[in-house]
Structures are given as structure tokens and as C-alpha cells.
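Fancy getting to know a protein by working through it piece by piece? Have a look at the model first, then try each exercise before you read its solution.

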Amino acid sequence: VLIVYNLDIARFNCQKLFNLMSLYGNVNKINFIRSKEGCAMVEFASSQSSLEALKLLNNIFVFGNRINVEESRKMFVEEIRSPYDLPSGDKSFENFIGDRNNRFNTPQQASKNRLLPPNKTLHFYNVPKMEDDAMMDIFCDANAPFPTKVTWFDLKSSRGASATGLVEFETVEEATEALVLVNNTGIEAM
């Protein structure tokens, strides 16, 4: 379990924090702490994932704030029966066990993921092939920073409708904010 401090409470909720944390391992639960504004607890499925997230996300800037990540003394995040409402109207607690957006389904899959600190380039996948302007609209619709460049990789087969590629941003902070706001967004095929 990690404790994340100094989150912009007007811009973060459980899903947005999941979008960032789930890059480093499967997330079980997230709970924003009512008595400590901008503070949340994140329970990972494995201690190794927790340590990777701690190492790679501590002291990064997101929405103008330097977030601090520390190990919690608690071994798990308790299930909250009556979570409070965050400023966004979203609930302060969410259980992600079994969530389809947790990517580390098997140890073999997990071993293929390269865990990196945030950088200016985001890799996207499982996206319908679309025009660059349509891709840019996804970021615009989410009020996310706007990419400076989109690069599409060649499709491996004409059967599959999904594509992969890279989006680049001016700064690491902009890329991280875009990830928080846009990761796991549902996109209709064009």
C-alpha cells in the first residue's frame, strides 16, 4: 500500500489516479483520505508493483503539484461502505479488483512490461485507426494537454481494427497529465 500526497483534489479522483498507478502493476483499491486533503491510499496486488510505483512516481509534477509517494504502514486498504463525495462528485473509494483495465493478468505478461518513469512520450494501443485530428480531439474532449505529435505504427494485419503508436508532448508534466485524464478512455471506431 502506498500513500500519495499533494494530489490536486479538483482534478484527481479514483479512476484518474488508477490511470497513473496501473502502469506499474494491478491496482486493488484506492481511497482518498477525508481528513487529509489531496491524499490517497493505493493498494497494489503485489508489493513489487508498489515498490516500482514508489521508485518511479515519487516527486513527479502533476497539475502543478509535486506529488509525494510513501509506503504505508497498513497492509491493505479497507473496503469503505459509505465513501464521501470528492469535489468532482465522484466517490472517494473504488475497488479495482478484477477491473479489465488492470493489465498484469499473468506473471508472464507482467514480465514483458517495461516500467519507466514518466516521460514526454506516451505509447497508445488498442485504438481504432483514425485521422490525427480525431486523435487530437480525444485529448481536447478530456481537457487534457494537447500532443505536439502523433506517430502511428504500421498495422500488423488488415483484419484488426485496432492500432498502436506514440503521442508526444512538450513536457513530462503535460504527458503525465494527459495520461491521467485520457488513459482507459473508451473510443468508438470511426
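Below are six exercises on this predicted model, each with a worked solution.

**Exercise 1. Work out the strand order of the five-strand sheet and find its edges.**

Start with the pairings around E3. Strand E1 (2-5) is joined to E3 by three bridges, and the two run antiparallel. One pair to look for is Ile3, which stands opposite Met41 in E3. Next, strand E2 (residues 27-32) is joined to E3 by five bridges, again antiparallel. Here Lys29 stands opposite Glu43. Now put the whole sheet together: the order is E6-E1-E3-E2-E7, and the sheet is open with antiparallel pairing. That leaves E6 and strand E7 (93-95) as the edge strands, each pairing on one side only. Ignoring direction, neighbouring strands of this sheet are turned by 20° against each other on average.

**Exercise 2. Decide how enclosed E3 is, then see which helices lie across its sheet.**

Go through strand E3 (40-44) one face at a time. On one side you have Ala40, Val42 and Phe44, and on the other Met41 and Glu43; all of these are buried. Five of the five residues of E3 are buried, so E3 is largely enclosed by the rest of the structure.

Now look for the helices. Helix H1 (14-21) lies across E1, E2, E3 and E7, and runs at about 135° to E2. Helix H2 (residues 47-57) lies across E1, E3 and E6, at about 150° to E6. Which residues of H2 are buried? They are Ser49, Ser50, Glu52, Ala53, Leu54, Leu56 and Leu57. The buried residues of H2 pack against E1, H1, E3 and strand E6 (68-71). Just after H2 comes Asn59, with a positive phi near 75°.

**Exercise 3. Find the residues that touch the most other members of the largest nonpolar core.**

A bit of background helps: in soluble globular proteins, nonpolar side chains tend to be buried together. In this model, the largest nonpolar core has 50 residues, and Leu17, Met21, Ile30, Phe32 and Met135 touch the most other members. Helix H5 (residues 172-182) gives the largest share of this core, six residues. Apart from this core lies another one, of seven residues, including Ile33, Cys39, Met41 and Val77.

Take Met21 as your worked case. Skip its neighbours within four places in sequence, and Met21 is in contact with Val4, Val27, Val42, Phe44, Ala53 and Leu57.

**Exercise 4. Lay out the three-strand sheet and place its helix.**

The strand order is E8-E10-E9, in an open sheet with antiparallel pairing. Its edge strands are strand E8 (121-128) and strand E9 (149-152), each pairing on one side only. From one strand to the next, the twist averages 25°. Now zoom in on E8 and strand E10 (residues 162-168): six bridges join them, and they run antiparallel. As an example, Val127 has Ala163 in E10 as its bridge partner. To finish, add helix H4 (residues 132-141), which lies across E8, E9 and E10 and runs at about 125° to E9.

**Exercise 5. Is Thr164 buried or partly exposed? Find its contacts too.**

First, place the residue: Thr164 lies in strand E10. Its relative accessible area is 21%. Buried means under 20%, so Thr164 counts as partly exposed. Then look for contacts beyond four places in sequence: Thr164 touches His123, Phe124, Tyr125, Thr151, Trp152 and Phe153. Pick out Tyr125: it sits 39 residues from Thr164 along the chain, yet their C-alpha atoms are separated by 4.1 Å.

**Exercise 6. Describe the largest pocket and the part Leu23 plays in its lining.**

The largest pocket has a volume of about 1500 Å³. Its lining counts 42 residues, and Leu23, Arg103, His123, Phe124 and Tyr125 lie nearest the centre. Which element gives the most to the lining? That's E8, with eight residues. Helix H3 (107-112), E8, H4, E10 and H5 each supply at least two.

Now for Leu23, which lies in the loop between H1 and E2. At 23% relative accessibility, Leu23 counts as partly exposed. Leaving out residues up to four places away in sequence, Leu23 touches Arg103, Phe104, Leu115, Leu179 and Asn183.

Notes: Residues numbered from 1 in each chain as written. Predicted model: local features only at pLDDT ≥ 70, side-chain atom pairs only at ≥ 80, totals over all residues. Heavy atoms only, no water. Core = buried A, V, L, I, M, F, W, Y, C linked by side-chain atoms within 4.5 Å. Buried < 20%, exposed > 50% of the residue type's maximum accessible area, 1.4 Å probe, protein only. Helix = DSSP H or I, 4+ residues; strand = E, 2+ residues; numbered from the N terminus. Contact = heavy atoms within 4.5 Å. Pairing = 2+ DSSP bridges. Axes fitted to C-alpha atoms, helices over the stretch in contact; angles between N-to-C directions. 1 Å grid on protein atoms, 1.4 Å probe; cavity = no way out; pocket = protein on both sides within 12 Å on 5 of 7 lines; lining within 4 Å. Points joined across faces, edges and corners; volume = space filled by probe spheres on them.
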